[in-house]
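Reader: I would like a close look at a single strand and what surrounds it. Please take me through its partners and its side chains.

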Amino acid sequence: MTPKPAISDRFHQKIFSSLYQRSLVYNTCWEDPAVDRDALRIGSDDRMLVITSAGCNVLDYALCAPSHIDAVDANPRQTALLELKLSTIRHLDFDDFFSFFGEGTHRHASEAYYDALRADLSPFARDYWDKRIKWFDPKGSSFFYYGLSGLVARAFSRYLKMRPKLRSGIHSLYEASDIDDQRERYDAAVAPFLWSRGVNWAISRPITMSLLGVPHPQREEVVRSHANGIAGFVRDAIDYVFRMLPVGDNYFWAVYIHGKYTRDCCPEYLKPENFMALKNGLADRISPHTCTVTEFLQQHDEKISRFVLLDHMDWMSAYYPQALVEEWQAIMARATPEARLIFRSAHHTPEYLEKLELPGHGRLTNLLGFEKNLAKELNLRDRVHTYAGFHIAHMNA
């Protein structure tokens, strides 16, 4: 029998669940789709199941022209965001689309929404954006400073305004001539001013992690696996990103630093030629669904050859272990023999993988083959770098 979570764990679970069930958590994706593409090897015959999140990576994978993508999320607000992006692709031109989802503001957001976008949305999405289309109003903050993760980004932006030397140092990274110059700038003008006691305290708070979409079990996994806890893990991740990887195309961190993307530093779906590919048919291969992975797989007959499962198994293994077993039973029932799966974790080798057993099938690790060397190689290239574990699996013959 699985032991009951401790009282403190249940308390943090309630906080996270309460936030998740009432809010848009992610306004942009924090998983690197360039890494995912190399891991998944998406082909024209592939049907994909992707956890939606903010929909950015769903649109990125669609550029690989798979036969279809089912975008699944239990949070209807995440589905509503993807629906708005799809409607904007279908009904507006590139400049308008980039204004909405590149710059995070549009000077005629409400007019465009009511004139061209709203009718294309589901009832929930329509009601949701009726109340929040003002998030794109240029008189307010950027769209990227709304939602739960956006609140943290907005707080950091305001903190930088109070620390002009640090702000100047961060902005100077984007002027570096090469990676060596960038590393020197980071070591001299960013790191000495960034890691204050206050910053370390703030990023270690459970509420901060919850706002960023990190549930308590994931946070605790980081605490257990990193000698310096949450603050040390975050510092190592940021040090690696800004010392080892060029920032020129690292739109993940740039959007929260600047509050917007630029035409040169943005996701692939925000580039003109890719926008047109989506508009000319690839976006029509995407179907949004508000449900769990298990519910979708049990309600649909199609076989799936590519799965993008993000990091949700970290918290399911702690809060809903039986539901995780049921999810994997559904995955195994719907996966094609050549299916490939990717997921991320707060730990290099998550404990639940070794423990998970499927009735009638045995251990999950015996049913899947894991491409550990490829995963390790790709994880070093990951421009987000906030997950200790990147896992690539395929079906064992």
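Author: A residue counts as buried when its relative accessible area is under 20%, as exposed when that area is over 50%, and as partly exposed in between. The model is predicted. In it, F343 has a relative accessible area of 1%, so this residue is buried. F343 belongs to strand β5, which covers residues 335-345. Of the 11 residues in β5, 9 are buried, so the strand is largely enclosed by the rest of the structure.

Two of the strands paired with β5 can be described in turn. Strand β4, residues 304-308, runs parallel to β5 and is joined to it by 4 bridges. Within this pairing, R306 of β4 stands opposite R340 of β5. Strand β9, residues 389-395, runs antiparallel to β5, with 6 bridges between them. Here L341 of β5 stands opposite A393 of β9.

Now to the aromatic rings. The model holds 29 aromatic pairs. One of them is formed by F242 and W253, whose ring centres are 6.1 Å apart with 65° between the planes, an edge-to-face arrangement. F242 lies in helix α15 and W253 in helix α16, 11 residues apart. Both of these residues are buried.

Back in β5, the ring of F343 pairs with that of F370: the centres are 6.5 Å apart and the planes stand at 85°, so this pair is edge-to-face. F370 is in strand β8, residues 368-370, and the two partners are 27 residues apart, so the pair links distant parts of the chain. Whereas F343 is buried, F370 has 23% relative accessibility and counts as partly exposed.

Terms used:
Residues numbered from 1 in each chain as written. Predicted model: local features only at pLDDT ≥ 70, side-chain atom pairs only at ≥ 80, totals over all residues. Heavy atoms only, no water. Buried < 20%, exposed > 50% of the residue type's maximum accessible area, 1.4 Å probe, protein only. Pairing = 2+ DSSP bridges. Phe/Tyr/Trp six-rings, centres within 6.5 Å; stacked < 30°, edge-to-face > 60°.
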